[in-house]
Structures are given as structure tokens and as C-alpha cells.
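Please follow this explanation with the coordinates open beside the text, taking each region in turn as it is named.

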Amino acid sequence: MTKRTTDLPDARLFLDRLTLGKPETQRRFLAAVSGGLDSMCLLNCVLDWCRDNGGTVAAAHFNHRLRGEAADRDEAFVRDYCTARGVPFLRGEGDTRSLAKRQGLTVEEAARQLRYGFLARAAQEADCAWILTAHHADDNAETMLLNLCRGTGSRGLCGIPAVRDNIVRPFLQIPRAELAAYAAAHGIPHVEDETNDEDTTARNLLRHKVLPVLREINPRVAENMARTAAVLIREGKALDLAAEEVSAGARMCPNGLQIARSALNAAPAAVAERAVLDLLGRVCGHRKDLSAVDVGAVLAVAGSGRTDMEARLSCRLMVWCEGEDLVIFRQSPPAEPVPIARGETVRFGDWTVTLAAAPGRGESHRLSLPEAAELSVSAWRPGDRMTLPGARGSRTLKRLCADRGVRPWRRDGLPVLRADGRPAAVPKIGMDVEFTPQEDGTAVFVTFYQETEESDT
């Protein structure tokens, strides 16, 4: 085995390739420096590279306000180190626990959100082209193992990207042991984050309990996993190109898109899955929170051979068949239920609903409503059933809408007039026989009117 040197040649080669043939403005770096061993090695390595190649580096430190005096100590350490070496120092801070509570995030997720937001602002302030972080091969191995435990696909096994937008990670192929040797050889000081020794997070458990066992099997496990991730990235790019050819046939429609079911059904499973994820991301505007369950549901609908199948997905997405096409649609947030009384007109989404003694402009139904009934207008609910005049029995509102060609995305916006929670009348569907006016009873007209009515065909 070739002995590794202690001047981090892999990192220097990474920076050479990153800036090759690019203008001087692309040699301005912002290093994220916590004060720990990894980030201090990063700062020193980039300082050396800049001295040899005419670049500049600034240091950015974020105080997450999680560790009290220890966090203040780390900030002071980084500031003093940078001041002594003439390195511009930028600092930021944020209330991590407050953000986590407010947005329902884990502390780790909130910390990352705050930290990367600060780094983006700091890079602009310092006029830096690149943001550098000190993630190394062991970090990458931990991420791959975490994703494997979560049941990820091959994307998750690609680990941490070496380059994403303007965020780059020169150490990603380097094991932490090599960084420790580099720090010792060059006398690089650092501070220790005492929380790294606690087994209170999944990542720390992997670091302290799992990776040591894997190193007993193969001391170069982190480097080998990094090479595996690189192979998966290359293979993933090939699959992405094939998936793009499939998804390129999609056509935009209001609030969504549609694609021939045959295009997905004919593609190999790995390609079809990526194509579907691309389509869902395009409709949703992002891929966050879209899961393998969503992808599987879309492919199940596409391959069902039925024209009446639909599925609800994450992020208010829906998918259904329309002839030979598959439609992916993003619903608007449902309108809130509103109370209504006789003689009133209420607004529900883009509909107006009126209860009056005479029919009005729009679709009207004559009803007999119990005097003491609690009346309201809301969206349909999965358990809703109606018995229409002349029908042999009740049917679900979902089924009734499908029978009348009311597309799912229209169905979810329909106003349902309710009496004590029961559906009494729905536009495009009709009224329930339970509310049929009696000869001697007092009737009221419900009128549904949509300001801009479009064809359902």
C-alpha cells in the first residue's frame, strides 16, 4: 500500500480542478470554520493553496447558541486564530432551539438550516465564489449508513455531494485519520466539541459503535465507501439522462402535467422511478419530502390498466388516469368550512353559495332543511355518501363525482352544503333524497355559482 503524505494532495488536486481555466474571481473561498480539527485543517490547507495559486480565503463561523460558554469559547478561538494570520473573519448566530420548535424540526435540521443560510449570506458579503466545508470520507460513510438504515435508494447511497451549487467539499475522499496526521505534522490547533463524545444522536452512534467494527473488517472502509459513492453517482447520472428522455414527453396542464402512461410502463423500473420523481418535483416545485411511496403510487396507477384509479401523494399532490394519460396535479389548500344560514350568501373558494326563498343565478336545488339543523359549507370528506333521487341506494361522493366526469382536482374544490354534517347538496352532483321538499313543508333554494366556470371535458 502506498504511504499517504501529510500535505493533503487530494484536497489540493480538488482545488486545482475546481479552478482550472477559470478567472481570478473563482479563486475566492469562504471556509466554514467551527474551530474543530476538521475545519481548522480545511482553513490551513486552503491558506497554503491560496499562497501558491494566488487565491484568497475568508473564514465564517456560526454560533448555534446551543452550548453556552463553550460555543463562545470556540468563536473566540477562531476569531483570534484568523486575526493573527490576517484572515477575514465573519460570524453569525441564531437561536437553533427556537427555530426547531417553531418549525417542527430536529435540532440538527434547524442548526443546518441556520448555518447554511448564514454561509450563503457571508459568501455574498465577502464576495467569495465558493463555500468550503470540511466534510471528509468518514462523514460521507456515516451519511451513507444513515441513509441505508432509512431504506434509501441509490441516490441516498451516493452520500454527500462533493459539489452542490457553490458549496464544495475538498476533503470528501480523505479519511479523518489523515486529517489528524496533517494537523499533528503542521501543529494546527483546534478546540473539541464535547457533544461529539455523546451517543445521543444516530450519527454519533454510527461514529462510535459501528464504524470502528467496520474498520476491523477493513481499515480503509471510509475510503472504499467514498469510491462506491462515486461509482453510484456516475451510474445515477446515466439513469438520470435516460429518465429525462422519458419525462421530456410530459405536457403541462393547469396546476400540473400529464404524460402518456405507456411512456412510464415501457421504461425499465429504475428509469421509470427517476422519471416519476422528476415529474413530481416539477409539479411540486421541489423534491423535499417526496418519497419512494409516492413514486410507487404513481407507477401503480400508471400500470393499473384502469381509467378510474387515483392516488393522493405527499405535498398535496394527486395522480389519476385520464384515458391513455397519467395526470399529476397539485391541489390548492382546501378552503376552510364556513357556516351558512337561511337568507345568507357565503364564499367558498371560487364559489358562492346562497340559501334563499327563490333560485338564483347558477345551479339551484330546492331542499327541505330541518329548522334546528346546523348548516355549513365545506369540502368533501372521504366518508361522505349521498342517495340521489331515483337511485337504488347511497354511493360515495367520490364515486358520484367520477361517474359524472368531475375530475379529482375539481372535486376537491366543490362546495358541499351540509345539514348537521351530512351532505345535502353538491353542485354538478345534485341533492340527497333525505332533503326532498314535502308538499306541506317549507323549502329553501340552495344556489351554487362559480365565477369562472370551465368545461370538465
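Arg65 lies in the loop between E2 and H3, and in this predicted model the phi of Arg65 is near 55 degrees, a positive value in a residue other than glycine. Most residues other than glycine have a negative phi. Because its relative accessibility is 45%, Arg65 counts as partly exposed. The loop between E2 and helix H3 (69-85) also holds His64, which is buried, with a relative accessible area of 18%, a value under the 20% limit that defines the buried class. Leaving aside neighbours within four places in sequence, His64 is in contact with Gly94, Thr96, Ala111 and Arg115.

A comparable backbone feature can be found at Lys428, which has a positive phi of about 75 degrees although it is not a glycine. Lys428 is placed in the loop between strand E20 (422-426) and strand E21 (430-431), and with 27% relative accessibility it counts as partly exposed.

From the loop that holds Arg65, one can step back into the sheet. The strand that precedes this loop, E2, has 7 of its 8 residues buried, so it is largely enclosed by the rest of the structure. E2 belongs to an open sheet of 6 strands, which has the order E3-E2-E1-E4-E6-E5 and mixed pairing. The edges of this sheet are formed by strand E3 (89-93) and strand E5 (163-164), each of which pairs on one side only. Within the sheet, E1 and E2 pair in the parallel sense over 5 bridges, and Arg28 has Thr56 of E2 as its bridge partner. Towards the other end of the strand order, E5 is joined by 2 bridges to strand E6 (residues 167-168), and these two strands run antiparallel; here Val163 has Val168 of E6 as its bridge partner.

Which helices lie across these strands? One of them is H2, which lies across strand E1 (28-32), strand E2 (56-63) and strand E4 (130-132), and which runs at about 165 degrees to E1. Another is helix H5 (residues 107-125), which lies across E1, E2, E3, E4, E5 and E6 and runs at about 145 degrees to E2.

H5 also provides the surface for a further helix, since the buried residues of H4 pack against H5. In helix H4 (residues 96-103), the residues Thr96, Leu99 and Ala100 are buried. Seen down the axis of H4, these buried residues fall within an arc of 100 degrees, so they line one face of the helix. The face of H4 that is turned away from this buried side carries the exposed residues Lys101 and Arg102. H4 is followed by Gly104, whose phi is positive, near 65 degrees. Thr96, one of the buried residues of H4, is also among the contacts of His64.

A similar reading can be made of helix H7 (residues 176-186), whose buried residues are Glu178, Leu179, Tyr182 and Ala183. Seen down the axis of H7, its buried residues fall within an arc of 140 degrees, so they line one face of the helix. Ala177, Ala184 and Ala185 are exposed residues carried by the face of H7 turned away from its buried side. Just after H7, Gly187 takes a positive phi of about 65 degrees.

What do the buried residues of H7 pack against? Their partner is helix H2 (37-53), the helix that also lies across E1, E2 and E4. H2 and H7 pack at an angle of about 65 degrees, with their axes 10 Å apart, and H2 passes H7 in a left-handed crossing. In this contact, Leu37, Asp38, Cys41, Asn44, Cys45 and Asp48 in H2 meet Arg176, Leu179, Ala180, Tyr182 and Ala183 in H7. The residues of the contact divide into 7 nonpolar, 1 polar and 3 charged.

The last stop is His135, which is placed in the loop between E4 and helix H6 (137-149). At 25% relative accessibility, His135 counts as partly exposed. Not counting residues up to four places away in sequence, His135 touches Tyr116, Ile160, Arg169, Phe171 and Leu172. His135 and Ala162 are 27 residues apart in sequence and 9.0 Å apart in space, taken from C-alpha to C-alpha.

Terms used
Residues are numbered from 1 along each chain as its sequence is written. This is a predicted model: local features need pLDDT of at least 70, side-chain atom pairs count only at pLDDT 80 or more; totals for chains, interfaces and linings use all residues. Side-chain values use heavy atoms; hydrogens and water are left out. Buried means under 20% relative accessible area, exposed over 50%, partly exposed in between (1.4 Å probe, protein chains only). Helices (H or I, at least four residues) and strands (E, at least two) are DSSP runs, numbered from the N terminus. The arc is that of the directions from the helix axis to the C-beta atoms. Contact means heavy atoms within 4.5 Å. Axes are lines fitted to C-alpha atoms, for helices over the stretch in contact, and angles run from 0 to 180 degrees between N-to-C directions. A crossing is left-handed if the near helix is turned anticlockwise from the far one by less than a right angle, and right-handed if clockwise. Ala, Val, Leu, Ile, Met, Phe, Trp, Tyr, Cys and Pro count as nonpolar, Asp, Glu, Lys and Arg as charged, and the others, Gly among them, as polar. Two strands pair if DSSP finds at least two bridges between them.
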